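Student: Could we go through this protein together, starting with its charges and then its overall build? I would like to see how each answer is reached.

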Amino acid sequence: GAPWTEEAHVAPAGPYAASKAAAEAAAAALSDALEVRVARLSRLYGASPFTRWDEVPCRIVRASVDGTPMEIRGSGEQRLDFLHVEDAARGVAALATRAGASNGAYNIGSGRSTSLNELVELTATLAAQRGLAAPRIVRRPDLPSGAVERLELDVAKAARVLGWRARVSLSEGLGELLDVRRGSGDGKRVD
């Protein structure tokens, strides 16, 4: 039933997701006494001092800049909502400071899903613009156990209640990552 609204049934797959669901339930139990707003963030990426180059899409950028292979498991048609770290920070800030926002969960995402294959194609295009090789992809047909095949968030509530929307396009964010990885960028964009 993607894209998922905040009212969708939560069915965590794996211990990490289960711990997030448990924390959300514990926070909700306090909502009679406290303001409790939960940010459900989509898949984060972007250049920062804490960039994790071992996660998608950073792995695809790393493969292009470093010339190392990047493994994609499954068909590559897995669809994820990628959210730039700057947009995530702005979304959480809006959630924390918006007067009149009700308790509960808020999806903070780009509102668009991109397949891994589309992500590879976009990275290859941006890499070519910078004189870099396309990422070298190694494909394996099997998906790992518990792999997410679809992460699509409905972000209408955040737009309506918080006046928030993602601003950084995937193309901008990937370009920034390419520049930072190859040493020609400082990780800061100018709006």
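Tutor: Happy to! Let us begin with how charges are counted: Lys and Arg count as positive and Asp and Glu as negative, while His and the chain ends are not counted. Keep in mind that this is a predicted model.

Student: How far apart do the centres of the positive and negative side chains lie?

Tutor: Start with the two sets: there are 25 positive and 24 negative side chains in the protein. Each set has its own centre, and the distance between these centres is 2 Å.

Student: Which helices and strands do we have, in numbers, and why is the protein said to be as compact as a globular protein of its length?

Tutor: The chain forms 6 helices and 9 strands. For 191 residues the globule rule gives 16 Å, and the radius of gyration of the protein is close to that, so the protein is as compact as a globular protein of that length. The radius of gyration itself is 18 Å.

Student: What share of the contacts with a separation of 6 or more joins residues 24 or more positions apart?

Tutor: Here we look at contacts in the protein whose partners have a separation of 6 or more. Among these contacts, residues 24 or more positions apart account for 86%.

Student: Which residue forms a salt bridge with Arg40?

Tutor: Here is the general idea: side chains of opposite charge can pair when their charged atoms come close. For Arg40, the closest N and O atoms of the pair are 2.4 Å apart, and the partner is Glu24. Arg40 is in strand E1 and Glu24 in helix H1, so the salt bridge ties together parts 16 residues apart in sequence, with Arg40 on one side and on the other Glu24.

Student: Is Arg40 buried or exposed?

Tutor: Buried means under 20% relative accessible area. Arg40 has a relative accessibility of 18%, so Arg40 counts as buried.

Student: How many residues apart in sequence are the parts tied together by Asp142 and Arg73?

Tutor: These two form a salt bridge, with 2.6 Å between the closest N and O atoms. Asp142 sits in the loop between strands E8 and E9, whereas Arg73 belongs to strand E3, so the separation of the parts in sequence is 69 residues.

Student: Which residues does the network of salt bridges join?

Tutor: Salt bridges that share partners make one network here. Its members are Glu71, Arg73, Arg140 and Asp142.

Technical notes: Residues are numbered from 1 along each chain as its sequence is written. This is a predicted model: local features need pLDDT of at least 70, side-chain atom pairs count only at pLDDT 80 or more; totals for chains, interfaces and linings use all residues. Side-chain values use heavy atoms; hydrogens and water are left out. Helices (H or I, at least four residues) and strands (E, at least two) are DSSP runs, numbered from the N terminus. The radius of gyration is taken over C-alpha atoms; the globule rule is 2.2 Å times the number of residues to the power 0.38. Contact means heavy atoms within 4.5 Å. The place of a charge is taken as NZ of Lys, CZ of Arg, CG of Asp or CD of Glu. A salt bridge is a side-chain nitrogen of Lys or Arg within 4 Å of a carboxyl oxygen of Asp or Glu. Buried means under 20% relative accessible area, exposed over 50%, partly exposed in between (1.4 Å probe, protein chains only).
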